[in-house]
Amino acid sequence: MSKEKLSKINKILIKHYGLPRQENPEPDPLDILIATILSQNTNDRNSYKSFLNLKKKYPDWKACARAEITSLEEPIKSAGFSHPKARAIKEILNYLLENYGKVSLDFLKDMDTDRAIESLTSHKGIGIKTAQCVMMFAFHRNVCPVDRHIFRALNRIGVIKATTPEKTSLQLNKILPEASAHSLHANLIRFGREICRQTLPNCSICPLLEICEYDNKNLTEVNEYKGGTFLLLDHVG
Ligand code: SF4
């Protein structure tokens, strides 16, 4: 594990892709939380659609807190697992209403990052990655959520040696260079989708080729990725 190597990766990816921009730099933290719950185990398109549907039906999260779980399931069905997701959303909204008198995550603003993550993950349906997304996207804390693309890329490059995204997250966040979480997060997801793909990584065009320790590099030319990259949480709020 090396902070210097991670810093180098961040710089190379910024040079390659540019500095990622967060479309709404001051989103409602609750929007980020709910969008991230909806994004679990589905793709960006389906979760974004379900988030917009839910917002359309309940423009005010307070009304959403008071609704029956079954009424929440219909607008979010495109995200899959609609019952557990609806239950998790309703539970956190009710908790906020009962304990803070309003549906807001403002109480996290002045809280230490680790404590805030602990507080969020004490609720059913909110895991470490979801809590980290809230802290990074909404409160701009230097904590980097790890998805399967980031897990794959960092372990191939050899800057992290871990067997799961959760273990990767633990190691990564111990050596994260200052103010690098958002750029690393956004660029590594794009990099994992477009270049360091699950099958047939496009090593011949990889900007990290020289520092990558992966034994099974694919140096034959592969068609470039044609799909667009859409980072859901950069568009929420
Ligand atoms: S050289 Fe290949 S395996 Fe290594 S990071 Fe680049 S695309 Fe991934």
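Start at the ligand and colour its shell by residue class: ten residues there are nonpolar, none is polar and one is charged. In this scheme Ala, Val, Leu, Ile, Met, Phe, Trp, Tyr, Cys and Pro count as nonpolar, Asp, Glu, Lys and Arg as charged, and the others, Gly among them, as polar. To see the shell itself, select R156, I157, F191, I195, C196, P201, C203, C206, L209, C212 and Y214, which surround the ligand. A residue joins this list if one of its heavy atoms lies within 4 Å of the molecule.

Now show the cavities. The ligand sits in the largest cavity. A cavity here is a set of points, on a 1 Å grid over the protein atoms alone, where a 1.4 Å probe fits but cannot get out. A molecule sits in one if more than half of its atoms lie within 2 Å of its grid points.

Before moving on, note that this is a predicted model, in which local features need pLDDT of at least 70 and side-chain atom pairs count only at pLDDT 80 or more, while totals for chains, interfaces and linings use all residues. Residues are numbered from 1 along each chain as its sequence is written, and side-chain values use heavy atoms, with hydrogens and water left out.

**Next stop: helix α2**

Select P29, L30, D31, I32, L33, I34, A35, T36, I37, L38 and S39, the buried residues of α2. Eleven of the eleven residues in this helix are buried, so α2 is mostly covered. Buried means under 20% relative accessible area, exposed over 50%, and partly exposed in between, using a 1.4 Å probe and protein chains only. Helices are DSSP runs of H or I with at least four residues, numbered from the N terminus.

What lies over α2? Its cover includes α3 (44-57), α4 (61-66), α6 (82-100) and α8. Contact means heavy atoms within 4.5 Å.

Zoom in on the start of α2, where a side-chain oxygen of D28 comes to within 2.9 Å of the backbone nitrogen of L30. A polar contact is a pair of N or O atoms within 3.5 Å; within protein, one must be able to donate a hydrogen and the other to accept it, and residues adjacent in sequence count only if both atoms are side-chain atoms.

**Just past α2: N41 and T42**

Step into the loop between α2 and α3 and click on N41. Its phi is near 60°, a positive value in a residue other than glycine. Why is that worth a look? Most residues other than glycine have a negative phi. N41 is exposed, with a relative accessible area of 66%.

T42 lies in the same loop, between α2 and α3. T42 is partly exposed, at a relative accessible area of 24%. Leaving aside neighbours within four places in sequence, T42 is in contact with S47, S78, A79 and K85. For a distance to draw, try T42 to E166: they are 124 residues apart in sequence and 18 Å apart in space, C-alpha to C-alpha.

**A side trip to α6**

R87 is found in helix α6. Is R87 buried, partly exposed or exposed? R87 is partly exposed, with a relative accessible area of 28%. Outside its neighbours within four places in sequence, R87 is in contact with I69 and K124. The C-alpha atoms of R87 and E73 are separated by 8.8 Å, with these positions 14 residues apart along the chain.

**Over to α8**

Select residues 128-138 for helix α8, where nine of eleven residues are buried. The buried ones are T130, A131, Q132, C133, V134, M135, M136, F137 and A138. Turn on the helices that cover them, including α2 (29-39), α7 (113-121), α10 (165-174) and α11 (181-194).

After α8, pick H140, in the loop between α8 and α9 (148-157). H140 has a positive phi near 55°. At 43% relative accessibility, H140 counts as partly exposed.

**Last stop: α10**

Two residues of α10 make a good pair to display. S169 is found in this helix, and so is K174. S169 is buried, with a relative accessible area of 7%, whereas K174 counts as exposed at 68% relative accessibility. Which residues does S169 touch? Not counting residues up to four places away in sequence, S169 touches Q132, C144 and V146. To finish, draw the line from K174 to K161: 13 residues apart along the chain, their C-alpha atoms are separated by 13 Å.

Methods: Helix = DSSP H or I, 4+ residues; strand = E, 2+ residues; numbered from the N terminus. 1 Å grid on protein atoms, 1.4 Å probe; cavity = no way out; pocket = protein on both sides within 12 Å on 5 of 7 lines; lining within 4 Å.
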